Every structure is written in structure tokens, then in C-alpha cells.
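Me: Here's a model I'd like to go through with you. Can you tell me what stands behind the labels people put on it?
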Amino acid sequence: MNKPERYIYLDHSATTPVDPRVVEAMAPYWSEIFGNSESSHAFGRAAANALEGARQTVADVLGCRPAEIAFTGSGTEADNLALRGAAWGARRSGRGAHIVVTPVEHHAVGHTADQLVDLFDCEITQVEVDEYGCVDPDDVAAAIRPDTVLVSVMAANNEVGTVQPIAEIGRVCRERGVLFHTDAVQAAGRLSLNVAELDVDLMALSAHKFYGPKGVGVLYARRDTQLLPALTGGEHERGRRPGTVNVAGAVGLATALRLVEEEREAECVRLRALRDRLIEGILERIPESRLTGHPTERLAHHASFAFRGVEGESVVLNLDQERIAASSGAACAEGEPEPSFVLAAMGLPQEWGLGSLRLSLGHANDEADVTRVLEVLPCIVAQLRASEVGDGAKLFRTSCDRAQRRGR
Amino acid sequence: MEQSSFARVVIALSGGVDSGVAAALLVEQGYEVVGAMLRLWAERGPDEARANRCCTPEAVERARRVADLLDVPFHLIDAEAVFKQQVVDYFVAEYAAGRTPNPCIPCNRAVRFGMLLDRARALGADCMATGHYARLRQIDGRRQLLRGRDPLKDQSYFLHALTQGQLAHVLFPLGELTKEEVRAIARQRGLPVAEQPESQDLCFLADGDYRRFLAERVPRLFRPGPIRDTSGRVLGQHQGLPAYTIGQRKGLGVGAAEPLYVLAIEPGENALVVGPADELGRDECLVEEMHYVSGETPAAPFRATAQIRYRARPAAVVVTPQPQRRAFVRFDSPQRDITPGQFLVLYDGDVVLGGGVICRARRPVL
């Protein structure tokens, strides 16, 4: 096969390149306007102005008040603050300790919820998801008890791209007076983030998922939300997130969010067409392949697949050889292939659940990239199937070892 | 169970009466029986010759005589390494963490029904048998584990951690018998083990003194530390946390107007927390490493009875499964001795549902 010069990046759900317009907007905040936004002198005031401008920009996109926006160090940190802060606040005020989550949450939510069992004796109920990874708002309603203090459902799943009915779940929670948190890290630039329309009380975002810089996230927390800070320190970000604020990062996040929101509709139309060509082409060309996640209620840039008997991580390694960057949702434990917890929750049989292949499109991708994938992927899957008949275990182990070395 | 489907059986012999009778019954039922005994790790004394009290040379000799009498082969299988790692190291680590372990359960899971079952299968046997007092039943292609018929000898508590994969290859010939009936059978058949006393817990100790054993291995555990009440008031000094367990009253050496009990062990601050009886009861606990015999974790809360240690009176509970193989277990009435490290085993009548390790009593919701 001829190796093309260009590397094709199809892993925009993992991270995105920073938009040059964002780099430009951040440029003054490293060495020129470098002040601590808490300082009262001119340097501090300049930084504070930039920070409050960024806060206003984010608030405009989310349809909320600037005071309800706190900048954090990452999406994970925002999720942690939301869950731990809400659970602790509720526990301290004696309102209960029951939390409703889904089995397909990102670890930033899932592991934090599990830790709340240890920290505050919270009780966790996981509502089930259907074969597409979708949550039924009626199931959320049924899971809510008098002592329920928080519901957390992600806006869209990172592994299979399924979009959850957040507005319906938000309404259920609002009617019952229960706080509703959503991890919207995958949703920015792809779905509406209007918190009033979604009836969301807490929302987490991460800049690097939408062409902003790494190391900065946002926690939206509705004004009357009782939230105890999970970090202790100064009064930065109204005490919700102590620590000197990353002003350049906040400016970068706000700029990136404004840009993806402005370009959202057009870009989604463009990416959805590419995505659908990718999906149709792969399902047509590769026997015993299936789309994972919802066929229509899915992120516009996101296509994920399972190939019967083929481990996702092996496909990823072979794609990398062909200069195509993709990812797999597979989790490897002790060198053995283990079904992904997301696919397991969706009830995918084990021979299908050895990890999906995720192809997530972005700004730079075009028709030629899709053509290239459709050219090489069928051969890779066929080769893996042929080789795994002979030495499947070894192949699995090799790829899992590599994945572990990479620290996945 | 159809004996034709289990032609060859490996019986785990201990040199005691129970396994001897189990072997004799299997032979009489027509199985092709193979005897096997595990050589387990034991602490070495100054003479380097101490044996594990469960597999002393005398016990091995008795087991061999039983095998000879029944005319079955006998294998002595070295399990020292796996036993040391899975049972003894666990025992020490649990005490070091301020918990009260039960080594028989990892021993059954990893050694007897782990390594020995693997060896039995390698010897061409379809299954293995032991002299435990427990019963098995097959329902809808699944194995159910039940209490032994003799309520005084029921050992199902120790077997709750077995998986469907293990139970599918196991026989308990004594499940329907009482200890008296077993002794009678032994006498009747002339087995040389009829009058053997009951085997002992903590078989790997040279002298039965686990405090000395721990003190030699982890001396820091026996640093004296404060005995305090729940308000933080220091009442006296303890001589090392492994000497105590939750609910213990005797041996505290603290004078008080009313009897005091151990409420909590705090290894972080090397403190023993004590209080009067009315502070002892807890009606809920968090259980970890939950295992369900059926192989399936229930999705919704369910009612069951629970034993919080071997021979504890079964108590009515509601079990609420949590992610990461955990569960909250709520007791209908408060329990005085919910002890971290002990196994909580769930039953539905005589049927073992599963169990896990008690992590801690739950603090009451404010």
C-alpha cells in the first residue's frame, strides 16, 4: 500500500488541535497581561478584565449569569467539584445521600460517585441504558427517592457517541427538586449548551475538546446551588475553585467556545455527511461489523464500530501503521482483553464487546480522509480475523500491553 | 446427582473423620475415587520442623491409611506457596489494616477449590469432593449452594465465595448427614479416624497464638496506644490493636461505671475506641468484593438474611447493590459486632446467595 504523506487525525473526541484564532486571542496573556486576577493593582485589574470578559462569553453561550461560571483545571476537575460539592453540601444540610447515575458515565463521574460511597456514605443507583446506550427519562424518574440529592447523566457518550435526552431528564429532576448535573465535555460545539432550556443545574466543559487549550475547564453551577468547595484555599472563583486563575486558558476556552458555537450548525451539517458516509461505507464493506451507539441520536462527528471477534485496540494499532489516528474504548486488565464497560452496559455480547473502534471527525477532515479509511480498514479487519484464528491470545496480549504502556 | 456423569472424583483428605467418611461414601456410591491431601504452609520454629497443624506427618499418615483401607490412590500435593500468599499474607495484611480476617474463606476460594480443583481436573477427574457440611442443588442449569442439614455443623458460610465454575465440579457427600451420623459411619466402617477431634482454625500457627505470630512479623502493630471514648477522652492504654475485635468487652483494662465495649479500631492513629453497650449497635454496613453465587448481581435492592460471622445468628436485612462490587446492607435491628474484615454471608432460607467483606459500619445519615 502506498503510504500517503499526510497523517489523518480521526480522534477529535480524545482531543483537538487549538484553533489558530484561539492561539491569537491567548497571546497577550502570557507576558504582557500576566497579572494575578486577584491583585488590585493595574496588572491585576487588566487580568481580571480579561477573565471577566471570558466569563461573560461563556455565560452568553450557556445562557446563564457570569457569576454561575467557574473556571477549573479540566473537565474532570469540574465533574469532581460538581459531584463532590453537591453531595457534601446535601450531606451537611441533612437532605440525604442518594445519587442517581448511569453505567456509561466517564470515569470522572463514575469513579467520583464510587468515592462518594466512601467519603459521605452516599448510596448510588445506576439507571440502565438500552442497546444504544440511551437513558430513559422515565427510568430516572423511577430511580429518584425522597433522599435523592443529585442526578448525573452525561450529555453525550465519549465512547459510542449516543446523545442523551438531557432536556427531558432535566425536566424530571426540576419537577422533583433534585439537582441535575451533566458532563457535557463531548457536547460543546456539537449540541446546544443552553442550561435554561436543558434544565441543568451543574455542567462540566473542557476546552481542549473544542479547539481550545488543554488544562482549562468550566463548571457551570446554578446560582442557588448548594455546593461546598472540594478544594480548599483562597476565594478565587467565588470560593468554588481556589487557586490562581489560568487567565490565558480562560480566554482561550471562551474564544474557542464562542467560535464553535458560531460555527456549530454549519460544521455539524458538514461533519454529519462525512460521518454517514463513513458509517455506511464501513458497514457495507466489512462483514460482521456493527455501529455502536445510537444510529441517529448521536454526535455529528462521531462514528464507532464493533467488529465481531476483533479487538478494537488491534485495529487502532494497525490504523496507526497506515497513518490514521483513531481510538478504541477497550479496557485491558491484566493483559487480557476485557469487554468495555460501556458496551457491556449496552448488553453487547462479549464477542462483539472487545472494544469498539472510534473515528471522531473534526475541522481538518474531508472526503479524501473518509475515502482513505474505507480503503484500508476492511483489509485490516480481514487480516486481524485471519491471524487471530491462529494466535488470537498473543495478539490480544501484545496490543493490550502496548495500551497499558501508553498509560490508558 | 448422577454418578455416571462424575466417574472419577478427587477427595480432599485431611486425616480427619469428615473427609474420611466422605471418601468412604463416594467409594460405596461407585465413584472412582482418588485421595489427595494438600501440604500447606506452616510457620517454621527454631527447629525448622514445625508442620502445619492441619497436615502434620501424623495427619498425612492417617489420610494415607484411610486411602489404603478404601483401596484408593493417594497424592500429597504441595500447596505451600499459594497458601502462604493467599491465606497467610492476607491474614497478616488484614490485621495490619486494623481488620479482623477470616483466613478459611480465601483458603477455600483459592487453595482448596482453586488450586486443588485445578489439580483434580488435571488428574482427569470431573470433580472433587470435600467433607464440608453443605449441600448442592441444580436449578435451571445453575448450582445452588445450601446449608448443611446439620444446623450445628453447617459450613456453608465458609463456601459462599465459590463461583458457578467451581461449584459445577464439586461434591459434598456429608451435606445430608449430622456429625453424629458421620462418626457412626466411621466407626461402622472401621476408619482409623473415627475419634479424631475437630480440626482447628488458623492451622498455620505453631501454637495457636496469633498475637505472637503477628508480633514477630509486624512488630509495629503491638505499639501501645490510647484507649479513648467517642468524645476523644483517653481512658487508658492498649497493648496493640490486633488483640482486640469489635464488640469485645473483656481484657480492656479500663475501669468505668458501666461495662465498656470496643466500638472501633483506628489503625491510622493506633487508637482503640470504646463505649457503653448502647453506642455499639449499628444498623447498616458497607460490604466490598461482593460475590453472588448465581453469578449475577441483582439490579435492585432485595431482602435476605445475613450472618456477619461464622455461627452468628442470621439477621433480616435489605441489600442494596452498589457499583464496583459493593453493597449496603441494612439490618432490621441493630447489630452489636459488625466487624471490618469479617465476611457477611447472605442467605435466602437455606440457600447461600453470596457475600463479601465488611468494610465498615455505616455512619447514620444526618
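Me: What makes up the secondary structure of chain B?
Reply: Chain B comes to 7 helices and 17 strands, with DSSP runs as the basis: H or I over at least four residues for a helix, E over at least two for a strand, numbered from the N terminus. Mind that this is a predicted model, where local features need pLDDT of at least 70 and side-chain atom pairs pLDDT 80 or more, while totals for chains, interfaces and linings use all residues. Residues are numbered from 1 along each chain as its sequence is written, and chains are lettered from A and ligands numbered from 1 in the order in which they are written.

Me: Why does the radius of gyration of chain B agree with a compact globule?
Reply: The rule, over C-alpha atoms, is 2.2 Å times the number of residues to the power 0.38. For 366 residues that lands near 21 Å, and chain B has 22 Å, so the two agree. Its C-alpha atoms fill a box of roughly 65 × 55 × 35 Å along the principal axes.

Me: Which strands of chain A form the open sheet, and in what order?
Reply: The order is β9-β10-β15-β12 in chain A, with antiparallel pairing. Pairing takes at least two DSSP bridges between two strands. The edges are β9 (289–291) and β12 (327–328) of chain A, each pairing on one side only.

Me: How do you know that β12(A) and β15 of chain A pair?
Reply: They share 2 bridges in the antiparallel sense, and the cut-off is at least two, so they count as paired. S327(A) stands opposite R358(A) in β15(A).
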